[in-house]
Amino acid sequence: MIERKFKRIVIDAQTPIAKTGNGLAVGGKVNNLLLLGNGSENSKDDSKRYLMKGIRGWINHAMMALAKEEGVEVCHSSSKTETQSGVNLLPEGFHARGKCLETEECIQHRLMGSISKPSKLKFEPVIIISTASKGKINDANTQKMHIATERRNSLVHKTKAAIQDFGERYFGGEFTIKIEFLEEVTKEELGYLLKGILNAQEIGLGAAVNNGSGKVNIHSVELQEVIRSQGFDKNGKVFEEEKIRNLKKEKKEGMKAWSKANA
Ligand SMILES: [Zn+2]
């Protein structure tokens, strides 16, 4: 049997409706939220899985917004500082991503990293399947949500292929986000991340946030210690199990550790 011990954050969230596509987030950066699936929209197979994209960027922006609000300079999500014609692209209160490594590494960079240094956080892919799906879900990582497609008939060409391309998907319901810590996270960094997650509700997820879609309610956030073991059962089949312990005290300490004063 092999065992691995790590910490993670588990977020239980709910969205009434979130649309796919592109939308504006903090700092004018485009936040992509896409549902990716195999097979055709017209297929009878309703067990299609989709990857919810944009979760990492969403929480990244929520932390950036929090830092700005508290007057703490952190990395911007972009590493570009100006356009070719010399126009400044960086909003006030941010430095280009990774620039702080030359002087003093900011809290955003310590958590999220850049091209020069890997992130301490691993966002587990959020994979969803339609609640209408009748088949059995075989893997523990797939979550059931309401998924539907709004047809954009005005854009459609008279070919079947184009219909697939112009349908705008949306989804709604409850979902869980897991963020694994790849290395030790300080109390201060933990607090910054937790407060960023709370702030993410204010920002909204994905496209058309301003039109009332993309609202996300966060119901609970837990800090867990996980011991994951894998081994073989009597029949030689691989099994995996997780022993989970809630780290309530550590979470509380983290919430206290990060504020304007000591960032
Ligand atoms: Zn930085």
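**Exercise 1. Getting an overview**

How many helices and strands does the protein chain have? Then find what share of the residues is buried, and what the contacts say about sequence separation.

*Solution.* Keep in mind that this is a predicted model.
- Step 1: Counting along the protein chain gives five helices and 13 strands.
- Step 2: The protein chain has 263 residues, and 27% of them are buried.
- Step 3: Take the contacts between residues at least 6 apart in sequence; 62% of these join residues at least 24 apart.

**Exercise 2. Checking the confidence**

Find where in the protein chain the confidence is lowest and where it is highest.

*Solution.*
- Step 1: Begin with the whole protein chain, where the mean pLDDT is 80 and 76% of the residues reach 70 or more.
- Step 2: Now go to the extremes: strand S3 (residues 30-33) has the lowest confidence, with a mean of 38, while strand S8 (residues 121-123) has the highest, at 97.
- Step 3: Look at residues 39-45, where the pLDDT is below 50 and the model shows six contacts beyond near neighbours in sequence.
- Step 4: Residues 161-166 also have a pLDDT below 50, and this stretch has eight contacts beyond near neighbours in sequence.
- Step 5: Here is a rule to take along: predicted coordinates should not be read in detail where pLDDT is low.

**Exercise 3. Two strands and a hairpin**

Describe how strands S12 and S13 pair, and decide whether Glu241 in S13 is buried or exposed.

*Solution.*
- Step 1: Strand S12 covers residues 217-232, and S12 pairs with S13 in the antiparallel sense over nine bridges.
- Step 2: Pick out individual partners: Gly231 is bridged to Phe239 in S13, and Phe232 stands opposite Val238.
- Step 3: Between the two strands of this hairpin are five residues, and Gly236 has a positive phi near 85°.
- Step 4: Find Glu241 in S13, which spans residues 238-246. Glu241 has 10 other C-beta atoms within 10 Å, so Glu241 is exposed; the cut-off for exposed is 12 or fewer.
- Step 5: Zoom out to the whole strand: S13 is hardly covered, with zero buried residues among its nine.
- Step 6: Finally, compare sequence and space: Glu241 and Ile227 are 14 residues apart in sequence, and their C-alpha atoms are 8.2 Å apart.

**Exercise 4. A second glutamate**

Work out the surroundings of Glu174.

*Solution.*
- Step 1: Locate Glu174 in strand S11, which runs over residues 168-181.
- Step 2: Glu174 has 14 other C-beta atoms within 10 Å, so Glu174 is partly exposed.
- Step 3: Leaving out residues up to four places away in sequence, Glu174 touches Asp12 and Gln14.
- Step 4: Met145 is 29 residues from Glu174 along the chain, yet their C-alpha atoms are separated by 6.8 Å.

**Exercise 5. Helices that cross**

Determine how helix H4 is oriented relative to H5 and to H1.

*Solution.*
- Step 1: Two packed helices are described by the angle and the distance between their axes.
- Step 2: Helix H4 (residues 187-203) and helix H5 (residues 248-257) have axes that come within 7 Å and cross at roughly 85°. H4 and H5 are therefore roughly perpendicular.
- Step 3: Look at who makes the contact: H4 supplies residues including Lys187 and Leu194, and H5 supplies residues including Lys251 and Met255. By class, there are four nonpolar, two polar and five charged residues.
- Step 4: Turn to helix H1 (residues 55-69), whose axis comes within 7 Å of that of H4, crossing at roughly 100°. So H1 is roughly perpendicular to H4.
- Step 5: Among the residues that meet here are Trp58 and Leu66 in H1 and Tyr192 and Ile203 in H4. The contact of H1 with H4 has eleven nonpolar, three polar and one charged residues.

Definitions and conventions:
Residues are numbered from 1 along each chain as its sequence is written. This is a predicted model: local features need pLDDT of at least 70, side-chain atom pairs count only at pLDDT 80 or more; totals for chains, interfaces and linings use all residues. Helices (H or I, at least four residues) and strands (E, at least two) are DSSP runs, numbered from the N terminus. A residue is buried if 20 or more other C-beta atoms lie within 10 Å of its own, exposed if 12 or fewer, and partly exposed in between; C-beta atoms are placed from the backbone. Two residues are in contact if their C-beta atoms, placed from the backbone, lie within 7 Å. Two strands pair if DSSP finds at least two bridges between them. Axes are lines fitted to C-alpha atoms, for helices over the stretch in contact, and angles run from 0 to 180 degrees between N-to-C directions. Angles under 35 degrees count as roughly parallel, over 145 as roughly antiparallel, 65 to 115 as roughly perpendicular and the rest as oblique. Ala, Val, Leu, Ile, Met, Phe, Trp, Tyr, Cys and Pro count as nonpolar, Asp, Glu, Lys and Arg as charged, and the others, Gly among them, as polar. pLDDT is the predictor's confidence in each residue, from 0 to 100.
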